[in-house]
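Biologist: Please look closely at one loop position of this model and then follow its surroundings inward. I should like a single connected account.

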Amino acid sequence: MAASVVVVDHPLVKHKLTLMRRTDTSTANFRRLLAEISLLLGYEATRDLKLRDEPIETPVAPMVGAALDGKKIVLVGILRAGLGIVDGMLQLMPNARIGHVGMYRDPKTLEPVEYFYKVPTDLQDRDVLVCDPMLATGNSAVAAVSRIKKGSPASLKLVCLVACPEGVAAFQKGHPDVPIVTAAVDERLNDHGYIVPGLGDAGDRLFGTK
Ligand code: URA
């Protein structure tokens, strides 16, 4: 059985995602909204982080508090739109380590080709959140996670903004052990590889390149 697909359908997330989808939303607002939603997705994606007891003194009494255990989490952005999610999550986890994976699609074979890969070297001791806003064909997310798995991370999750049934199925076929956290699962993928209704090209909207 495949790992979970958690759809974070909190009213604030739904409201902000609707604003992001609108054609007339400006680049500045799109960027801000992606960061805000990513913080909320990060909250959900980190729900099962391990804690340890931390004895402390409050101004009133000693107590045993809780602190995050182990090494800092790693946020891996799939270039380029994944950077928008990483930015938002950093507000929640300012000490996170950051990795980058760059993939492009070979025009002849249509297979993803890696052109950049830089992540912390000690992944085996760290939890990793792979960030990619649009889970469309799923090809780049599957390839990126395969590459990251070579470093044997302690745990892995995929965080996206909008998924579609085709992308979820492709990802779960490639990585049945990796949970997905997303703000929405839309209707379908169209013939051009765009999610319908989706929000268009997340990278272009985030960076204002079109
Ligand atoms: N990538 C995007 O940016 N948007 C889509 O709809 C699909 C892939």
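Modeller: Helices (H or I, at least four residues) and strands (E, at least two) are taken here as DSSP runs, numbered from the N terminus. With that numbering, A96 lies in the loop between α3 and β5; the model in which it is found is a predicted one. A96 counts as buried because its relative accessible area is 10%, and buried means under 20%. Not counting residues up to four places away in sequence, A96 touches I73, L75 and L90. A96 is also 9.8 Å from V128, C-alpha to C-alpha, although the two are 32 residues apart in sequence.

The helix on one side of this loop, α3, covers residues 82–92, and its buried residues are G82, G84, I85, V86, G88 and M89. These buried residues pack against two other helices, α2 (27–45) and α6, and against the strands β4 (74–78), β5, β7 (127–131) and β9 (155–163).

M89 leads from the helix into the interior. In soluble globular proteins, nonpolar side chains tend to be buried together. The largest nonpolar core has 34 residues, and those touching the most other members are L17, M20, I37, M89, L129, L161 and L199. At least two residues of this core come from each of α1 (11–21), α2, α3, β7, β9, β10 (180–185) and α6, and α2 gives the most, with six residues. L199 illustrates the packing: leaving aside its neighbours within four places in sequence, L199 is in contact with L17, M20, R21, F30, M134, L161, V162 and R205. Apart from this core lies another, of 24 residues, including I78, M103, V119 and C160.

On the other side of the loop, β5 (97–105) is one of the elements that supply at least two residues each to the lining of the largest pocket; the others are β6 (112–118), β8 (134–135), α4 (139–149) and α6 (202–207). That pocket has a volume of about 820 Å³. Its lining has 28 residues, of which L79, D132, M134, S140 and D201 are the closest to its centre. M134 is therefore both a contact of L199 and a residue of this lining, where lining residues have an atom within 4 Å of a pocket point. By class, the lining divides into 15 nonpolar, nine polar and four charged residues.

The second largest pocket has a volume of about 460 Å³. Its 17 lining residues include L49, L68, D69, K71 and I73, the closest to its centre, and I73 is also touched by A96. This lining has eight nonpolar, three polar and six charged residues.

Conventions. Residues numbered from 1 in each chain as written. Predicted model: local features only at pLDDT ≥ 70, side-chain atom pairs only at ≥ 80, totals over all residues. Heavy atoms only, no water. 1 Å grid on protein atoms, 1.4 Å probe; cavity = no way out; pocket = protein on both sides within 12 Å on 5 of 7 lines; lining within 4 Å. Points joined across faces, edges and corners; volume = space filled by probe spheres on them. Nonpolar A, V, L, I, M, F, W, Y, C, P; charged D, E, K, R; others polar. Buried < 20%, exposed > 50% of the residue type's maximum accessible area, 1.4 Å probe, protein only. Contact = heavy atoms within 4.5 Å. Core = buried A, V, L, I, M, F, W, Y, C linked by side-chain atoms within 4.5 Å.
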